[in-house]
Amino acid sequence: PGQVVISGALPALEKAMELAKARGAKRALRLQVSIAAHSALMEPEVGGYAEAVAATTVQQPRVPIVGNITAMPLADVDAIRRELPAQLTSPVRWTESVRYLIAQGVTTFVELGSKDVLTGLLKRIDGNVVGVERLPTECGPGEPGEDERGRAVRRGRPALWALRDDGRRDGGRVHPEAALGRGRRVARLV
């Protein structure tokens with residue numbers, strides 16, 4: 001909420017930013033990204049990416065994974081394999097994904113990575129949920145997946161985990177569940 005991201009050819013984007021500012025946008029800026037993700041400009045890459053996804057071993061998720069183009073849980077490996085290439089050219093339904101998780105009882109979102117962009121967006125969607133940001137990137141004392149304060153840690157690309165305080169447990173241990181309290185249900189947004 002409050003933000004719109006567009007992608008396209010550079011001259012069209014520059015014109016759109018100029019028009020946005022002229023029509024009262026608080027700010028319009030060019031994001032520092034290397035690709036035009038989530039747009040039709042990525043269509044030539046979909047086939048190769050889909051082949052790479054098909055060649056990658058994907059296991060049945062142990063926790064629900066909410067897809068950002070469907071804003072719904074991806075129930076099985078086939079759904080995950082369909083979602084990943086589709087993300088290259090489809091709009092991100094971030095707000096709907098977060099609202100779905102909140103409707104499922106999620107109260108805490110954990111952003112894993114070096115920035116806090118997603119946590120900041122959470123506050124605009126629902127001020128009642130908790131966003132935990134900028135977690136450490138290496139494990140410290142304590143059990144695997146925890147630092148010395150018991151915070152979740154993980155190496156790799158940023159992700160957002162969602163936890164639901166309902167006293168239920170979902171089988172295997174995953175980093176946020178282990179670090180942020182036993183008995184919390186976990187989901188992941190992709």
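**Entry 1: burial and overall make-up**

I began with burial: 35% of the 190 residues of the protein count as buried. I noted straight away that this is a predicted model. Then I looked up the surface, and the protein exposes about 11500 Å². Carbon and sulfur atoms supply 53% of that area.

Next I listed the secondary structure, and I found six helices and five strands. Along the sequence they come in the pattern α-α-β-α-α-β-α-β-β-α-β. I also looked at contacts between residues at least 6 apart in sequence. Of these, 54% join residues at least 24 apart.

**Entry 2: the largest nonpolar core**

Which residues make up the largest nonpolar core? I wrote down ten: Val66, Trp94, Val98, Leu101, Val106, Phe109, Leu121, Leu122, Ile125 and Val129. Helix 4, strand 2 (106-112) and helix 5 (117-125) each give two or more residues to this core.

I picked Ile125 for a closer look. Leaving out residues up to four places away in sequence, I saw that Ile125 touches Pro1, Trp94, Thr95, Val98 and Arg99. Two of the names on that list, Trp94 and Val98, belong to the core as well.

**Entry 3: helix 4**

Helix 4 kept coming up, and I gave it a page. This helix covers residues 94-103, and its buried residues are Trp94, Thr95, Ser97, Val98 and Leu101. Where do the buried residues fall when helix 4 is seen down its axis? They fall within an arc of 165°, so they line one face of the helix.

Just after helix 4 I met Gly105, which has a positive phi, near 100°.

Tyr100 is also in helix 4. Setting aside neighbours within four places in sequence, I found Tyr100 in contact with Val66, Ala71, Met72 and Pro73. The pair Tyr100 and Ala71 caught my eye: they are 29 residues apart along the chain, and their C-alpha atoms are separated by 6.9 Å.

**Entry 4: two residues with positive phi**

A reminder to myself: most residues other than glycine have a negative phi. I therefore marked Ala71, where phi is positive and near 60°. Ala71 sits in the loop between strand 1 (65-66) and helix 3 (77-86). Is Ala71 buried or exposed? Its relative accessibility is 4%, and the cut-off for buried is under 20%, so Ala71 counts as buried.

His38 went on the same page. His38 is not a glycine either, and its phi is positive, about 65°. I found His38 in the loop between helix 1 and helix 2 (43-54). At 33% relative accessibility, His38 counts as partly exposed, because that value lies between the 20% and 50% cut-offs.

**Entry 5: salt bridges**

How many salt bridges does a search of the whole structure find? It finds two. Side chains of opposite charge can pair when their charged atoms come close.

One salt bridge joins the side chains of Glu18 and Lys15, at 3.6 Å from N to O. Both residues lie in helix 1, three residues apart, which is about one turn of the helix. I checked Lys15 for exposure, and it is partly exposed, with a relative accessible area of 44%.

Glu96 forms a salt bridge with Arg93, and here the closest N and O atoms are 3.9 Å apart. Glu96 is partly exposed, at 39% relative accessible area. Arg93 is partly exposed too, at 32%.

**Entry 6: a nonpolar patch and the start of the chain**

What forms a nonpolar patch on the surface? I noted Val5, Leu29, Leu31 and Val33, with about 390 Å² of accessible area together. Val5 lies in the segment before helix 1 (10-22). Is Val5 buried or exposed? With a relative accessible area of 61%, and the cut-off for exposed being over 50%, Val5 is exposed.

My last stop was Ala16, whose place is in helix 1. Ala16 has a relative accessible area of 26% and is partly exposed. I compared the position of Ala16 with that of Ile6: they are ten residues apart in sequence, and 8.9 Å apart in space from C-alpha to C-alpha.

Methods. Residues are numbered from 1 along each chain as its sequence is written. This is a predicted model: local features need pLDDT of at least 70, side-chain atom pairs count only at pLDDT 80 or more; totals for chains, interfaces and linings use all residues. Side-chain values use heavy atoms; hydrogens and water are left out. Helices (H or I, at least four residues) and strands (E, at least two) are DSSP runs, numbered from the N terminus. Buried means under 20% relative accessible area, exposed over 50%, partly exposed in between (1.4 Å probe, protein chains only). Contact means heavy atoms within 4.5 Å. Accessible areas come from the Shrake-Rupley method with a 1.4 Å probe; for residues, only the protein chains shown count as cover. Patches are made of residues with over 30% relative accessible area and no salt bridge: like charges are joined within 9 Å, nonpolar side chains (Val, Leu, Ile, Met, Phe, Trp, Tyr) within 5 Å. A salt bridge is a side-chain nitrogen of Lys or Arg within 4 Å of a carboxyl oxygen of Asp or Glu. The arc is that of the directions from the helix axis to the C-beta atoms. A nonpolar core is a set of buried Ala, Val, Leu, Ile, Met, Phe, Trp, Tyr and Cys residues joined through side-chain atoms within 4.5 Å.
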